[in-house]
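Trainee: Could we go through this model by question and answer? I would like each answer to show its reasoning and close on the value or name.

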Amino acid sequence: MSDLDALLQAAQADFAAAPTPAELENAKARFLGKSGRVTELMKGLGALSIEEKKTRGAEINQTKVAIEAALTARRDALAAAELEKQLKAEALDVTLPGRQRGTAGLHPITRAMERIEAIFGSMGFDVADGPEIETDWYSFSALNNPENHPARSMQDTFYVDMKDENGSWLNLRPHTSPMQIRYAQAHAKRYAGQETMPEIRVIAPGRTYRVDSDATHSPMFHQVEGLWVGENISFKDLKAVYLNFITAFFETDQLQLRFRPSYFPFTEPSAEIDIMFESGPLKGRWLEVSGSGQVHPQVIRNMGLDPERYIGFAFGSGIDRLAMLRYGVNDLRAFFDGDLRFLSQFK
C-alpha cells in the first residue's frame, strides 16, 4: 500500500469516527488544514525534480480530491442524522396551545462588543469605526508588513475585484488595525503645528476576515484593537489598562495576567497576553486572549508622528473568543448558526 493510499484510508477512518460536525471539522484540519498532512505533502514537492513534481503532484491532488469527497459524504451523513433526530423530537402536537410572538434580544457578540466599548470608554478611549474593505497600505504596509513579508501568509487571504489608486487589490480587512492608522493620522493632522498634542487613546472594534474555520475559528470574526500613544507611554500602562479591562469584562479579580514574548511586525517588543482564572470550570488553565506590544517606530512614522518623541502600545483581542469565555460557549460556530434556541439564552 502506498503512503497516499494509507493517508486516504486514515482520513476516511477519522471522518467516519467523528460523531459530531465540530469533531469532523477538527479531523478535516488534521488532513486539509494549513498544517495538515496533505498540505505538508504539497510543501515537500519543492525538493523534487520537475518530472517528479508532475507525477507526485498529480497523485497528491487525486488523494486530496478523494479525501474531500469522504469529508463531504460524512458531513451529509451527520446532517441527515441530525435532521432525522430533530424530526423525531419535534413531532407536531395539535393539542398544544398557540405560541406567542417572541421578544427580540441582542446577539451575544453585540453584547460583548458593547461591554468592551463601555469599559474602555470609562478609561478615556474613543471608539473608531471604519471600512471593512481596505487598501493594501492600511491593512499591511502601514503596519510595517510590506508585500511578500512572511507574516502576511495568515492574513492576506480575502480580496475583492477592485483596486486602489496605486493598482493594488483591495482586501477584506484581516484585523481592525487599519483604523488605528486612520485615526492616528487624522489626530496628528488635527494638531499639526501645535506645540503639544493630546494623547491618542482609541479602540477599534469590528468584523474582520481570514481563511480559517473550525470549532474555535471562523472566516468572519470580530476583533477589537486598542492604541494609546503619547510622549511617555510604557508597558506598565499596557498591563494596567488590560488588567483593568479583563477584570471588568469578566466581573472578577480572581484571575492572573501573563505576558509571553512574541513577534508582530507592527510592534517591538511584542507579547501575547494570557489569563488564568482562579475559580470556575477553567480554573488553572492559561488562555491566550490578546496580542500586544510597543508600537514599532516605523508604524509611528506612518501615523504622521515623530518616533523620537512619541511612543505607545497597541493590542488586539478576539471579541468572539472573549464572549466564548464569558458565556461558557465551547464552539464558536454556535454564535453564527442562527439557532434561536441558542441565541434566546442571551436575552
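Trainee: How far is the charged end of R326 from the centre of the ring of F249?
Mentor: This is a predicted model, so the figure is a computed one. A charge counts as sitting over a ring if CZ of Arg is within 6 Å of the ring centre and within 35 degrees of the ring normal. The charged end of R326 sits over the ring of F249, and its distance from the ring centre is 5.7 Å.

Trainee: Which residue lies over the face of Y138?
Mentor: Y138 belongs to helix α6, residues 136-139, and is buried at 18% relative accessible area. Leaving out residues up to four places away in sequence, Y138 touches L143, P178, I181, R182 and Q185. The one over its face, at 4.0 Å from the ring centre, is R182.

Trainee: What separates the C-alpha atoms of Y138 and F249?
Mentor: Each of these rings has an arginine over it: R182 in the case of Y138, R326 in the case of F249. Along the chain, Y138 and F249 are 111 residues apart, and their C-alpha atoms are separated by 29 Å.

Trainee: How do the rings of F250 and F277 pair: stacked or edge-to-face?
Mentor: The whole structure has 18 aromatic pairs. In this one the ring centres are 5.1 Å apart, and planes over 60 degrees apart count as edge-to-face. The planes of F250 and F277 stand at 90°, so the pair is edge-to-face.

Trainee: Which elements does that pair link?
Mentor: F250 and F277 are 27 residues apart, and their pair links distant parts of the chain. Both residues are under the 20% cut-off for buried, with F250 at 11% and F277 at 9%. Ring pairs also place both in a cluster with F120, F125, W228, Y242, F245, F249, F313 and F315. The elements are helix α8 (residues 235-250) for F250 and strand β8 (residues 267-277) for F277.

Trainee: Which element gives the most residues to the largest nonpolar core?
Mentor: This core has 40 residues, and I116, F120, F245, F250 and I275 touch the most other members. Among the contacts of I275 beyond four places in sequence are I246, F250, L257, W286 and L325. A second, separate core has 24 residues, including A128, A142, A184 and V229. With seven residues, the element that gives the most to the largest core is α8.

Trainee: Is E268 buried, partly exposed or exposed, and what is its relative accessible area?
Mentor: E268 is in strand β8, and an unreviewed UniProt entry annotates it as "binding site". Leaving aside neighbours within four places in sequence, E268 is in contact with Q294 and H296. Partly exposed lies between 20% and 50%, and E268 is partly exposed, at 45%.

Trainee: What should helix α2 span?
Mentor: In α2 (residues 21-32), the buried residues are A22, L24, E25, A27, F31 and L32. These buried residues pack against α1 (3-17), α3 (37-43) and α4 (50-89). The expected span takes 1.5 Å times one less than the number of residues. For the 12 residues of α2, the end C-alpha atoms are 16 Å apart, which agrees with the expected 16 Å.

Trainee: What share of the residues in the protein chain is buried?
Mentor: The chain comes to 11 helices and 10 strands, and its C-alpha trace spans about 70 × 70 × 45 Å along its principal axes. Of its 347 residues, the buried share is 40%.

Conventions. Residues numbered from 1 in each chain as written. Predicted model: local features only at pLDDT ≥ 70, side-chain atom pairs only at ≥ 80, totals over all residues. Heavy atoms only, no water. Phe/Tyr/Trp six-rings, centres within 6.5 Å; stacked < 30°, edge-to-face > 60°. Helix = DSSP H or I, 4+ residues; strand = E, 2+ residues; numbered from the N terminus. Buried < 20%, exposed > 50% of the residue type's maximum accessible area, 1.4 Å probe, protein only. UniProt positions renumbered as here; feature names shortened; annotations may be inferred. Contact = heavy atoms within 4.5 Å. Core = buried A, V, L, I, M, F, W, Y, C linked by side-chain atoms within 4.5 Å.
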